[in-house]
Amino acid sequence: MAKVLCILGLLWCACIEPMAATAGGVRLATNGMAHYRLFALGPDAETSFASAELGRYLRQMSGAEFQLTDTWGGRSIVLASVGSLDLAPPHKALRHPALPAAGSEAFLITTHGEHVFLIGGNQRGLLYAVYRFLEALGCRWVAPGFDFYDGRACFVPSGDVLVYAHSRDIDERPVLAYRKLYIEEGRSHDLENLIQLLDWMPKARFNVLVAPIDYQGHGRVRWDNWRDRLVPELARRGIVIEVGGHGYQNFLHAEMEGGQLFARHPEWFGMDEEGRRTAIPRYVFCTSNPAALAYLQNNISAYLDARPEIAIFDFWPPDSERWCTCSDCGSMGTPTDRHAMLVSSTARYLRRRHPGVRLECLAYLQYTKPLDKATLDSTVLLDFCPIDQSFEYQIYDRASANNQRYNDYLRAWLEGFGGDVSIYSYFRKYAWRSLPNIIPHYMQRDLAYYREIGAKGISVYAEPGDWFTYGVNHYVLGALAWDPGVDVDSLVRAYCETVYGDAARLAAHVYAELEDIVRYACNIRFSAPKTAFEYGAYIDRLDACSAQVDDAMGVHAADPVTSGHLRRLGLMLAYATASARVKLLEVRNDHAEAERVSQRMQDTLQANRQAGVFIVRRQS
């Protein structure tokens, strides 16, 4: 949180002149002429990238070239991580109570004398300081620069005079340590939009990109397809790379050894319910077999040796897995116990072979319940997955049986595990099929609770294909993960002003209505059935919003970007209305008409599948 700090708290040995300031703040540029230089401490690539980003945006705002200098002196914007401060001429005299802790993502923006200081606890914190400084100058980045935003994913002001209106130091640090975006199923990702996504991540304060080794084993969505191009971009931004996902079978499966592994070692493979060893990938290998375990762990090590960029390695069972039924495996306990033993053994193995890699696993489906007997290695990062969360209620609301169960399990993990627990959220869910479940205030209440009980992180699926639908959620979530106490209404307004221009007020109203309607009235799983009267009232409200959006499209017809985004908003409303109407017709037992409404909406989805609003099917 920003603190007002007395300027006398900054003591400098060097004799310097008073700060170059006006009554309105620090004048950085006038009529295309820069009054400050950029002085970057540290030769590392991340610091160079941070200074290049700052210079690029300052030039865009003012038309001035802010020279990058390696000579101390004059009016300077100084960029530094705490670890590089010893390179600065006045470093011995720097005293500031809010100086970030070395190695942290915290940052400080302060001014003194001829200088503006942007200081990060590490290089990523420094980049956050740069973007925060630019935000103070009026910049906003509300979404990745996907094509369908038509240039409205960000706002960069411009003018003849560029002034930093410094009234107090800016001192910030994240509440949650892990702020993740998941590629996961990768239904709409390609190299171009992945680069756009990761470029936006530090601007929104997300710090971990999570990619699958090979989603479902199909070869289409796999880290190796993109790593050569993405690794340098991620490294320059200091983004943590997490790779893995469902699939012990990635490291032990029947097709290995030229397709001979199963024939050579059938005893390594899981035994089915009929007592037969099986090569079916969803059967977990025989974890009681030491040779099989060694083979799997050695293959993991080889994979990580070839990919030194991976900082967090996800180690999950196959999706919809079955566990080996042999007597030796059975003697090890329940599948949950065996899962914990396998993960813990692998964590110990990686500490010896890859001490810089953190192992992650899920508390998912049957594993959400904490362990009764076995223990999980406390160095493991545990992602807790409330997949059946009801969005009619907060995660802590005991009125929902599902949420009550998850909350009880989560608290038990936090109290008994001893390691870091992050939340694998479903704030954007594939099962919603792109329905506009807009939930900024709902997310804030959940995030405030997660912070209160000690969770360390949050993640969300990040699909470009329907990003416009969930864009406001993603923008708000990035801010909430940094600080759950942020003003959500102001974030929604900023998003709407950036994306919708002069139609921002209407867009904000529509988003408020969608938040109050979709999770109750539409085909969102675990939402309770409503009466025909209730569905009718929800539909009337959605129809009213659609009429307002239609009218606004006419008003803004001369502005193709605003009218285009209003059209997208109208598509979101049409989908929500169709979903609610189907629910109403089902209550009335008019299933034939419900099917016709569903089909018409599917036709609309197909016709607009490239609009950034819907993901209709897998895209190659």
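Buried here means under 20% relative accessible area, exposed means over 50%, and partly exposed is in between, using a 1.4 Å probe and protein chains only. By that scale Met-553, at 25% relative accessibility, counts as partly exposed. This is a predicted model, so local features need pLDDT of at least 70 and side-chain atom pairs count only at pLDDT 80 or more, while totals for chains, interfaces and linings use all residues. Residues are numbered from 1 along each chain as its sequence is written, and side-chain values use heavy atoms, with hydrogens and water left out.

**The whole protein**

Let's start with the big picture. The protein has 17 helices and 19 strands; these are DSSP runs numbered from the N terminus, with helices being H or I of at least four residues and strands E of at least two. Its C-alpha atoms fill a box of roughly 85 × 60 × 45 Å along the principal axes. The radius of gyration is 27 Å, which agrees with the value near 25 Å for a compact globule of 620 residues. That radius is taken over C-alpha atoms, and the globule rule is 2.2 Å times the number of residues to the power 0.38.

Of the 620 residues, 57% are buried. Contact means heavy atoms within 4.5 Å, and among contacts with a separation of 6 or more, 74% come from residues 24 or more positions apart. The accessible surface comes to about 24,900 Å², and carbon and sulfur atoms own 50% of that. Those areas come from the Shrake-Rupley method with a 1.4 Å probe; for residues, only the protein chains shown count as cover.

As for charges, the 64 positive and 72 negative ones have mean positions 2 Å apart. Lys and Arg count as positive and Asp and Glu as negative, with His and the chain ends not counted. Each charge is placed at NZ of Lys, CZ of Arg, CG of Asp or CD of Glu.

**Aromatic rings**

Now for the rings. Rings of Phe, Tyr and Trp (its six-membered ring) pair if their centres lie within 6.5 Å; planes under 30 degrees apart count as stacked, over 60 as edge-to-face and the rest as tilted. That rule gives a count of 39 aromatic pairs. One of them is Trp-200 with Phe-206, a tilted pair at 5.8 Å centre to centre with 40° between the planes. Both Trp-200 and Phe-206 are buried. Tyr-475 and Tyr-495 have ring centres 6.3 Å apart and planes at 35°, so that pair is tilted. This pair links distant parts of the chain, 20 residues apart: Tyr-475 is in helix α12 (residues 467–482) and Tyr-495 in helix α13 (residues 488–500).

Both pairs feed into a cluster linked by ring pairs, whose members include Trp-200, Phe-206, Tyr-475 and Tyr-495, along with Phe-146, Trp-467 and Tyr-511.

**Single residues worth a look**

Here is how some individual residues come out.

| Residue | Relative accessible area | Class |
|---|---|---|
| Thr-30 | 18% | buried |
| Asn-31 | 61% | exposed |
| Tyr-475 | 13% | buried |
| Tyr-495 | 0% | buried |
| Phe-526 | 28% | partly exposed |
| Ser-579 | 9% | buried |

Thr-30 sits in strand β1 (residues 26–30). Leaving aside neighbours within four places in sequence, Thr-30 is in contact with His-35, Asp-160 and Val-161. Val-161 is 131 residues away from Thr-30 in sequence, but their C-alpha atoms are 4.6 Å apart in space. Next along is Asn-31, in the loop between β1 and β2 (33–34). Asn-31 has a positive phi of about 50° although it is not a glycine.

Phe-526 does something similar: its phi is positive, about 75°, and it is not a glycine either. Its place is the loop between α14 (504–521) and α15.

Back to Met-553, which lies in helix α15 (residues 532–555). Not counting residues up to four places away in sequence, Met-553 touches Ser-563, Leu-566 and Arg-567. Thr-604 is 51 residues from Met-553 in sequence and 19 Å away, C-alpha to C-alpha.

Finally, Ser-579 belongs to helix α16 (residues 560–587). With residues up to four places away left out, Ser-579 touches Leu-435, Cys-522 and Asn-523.
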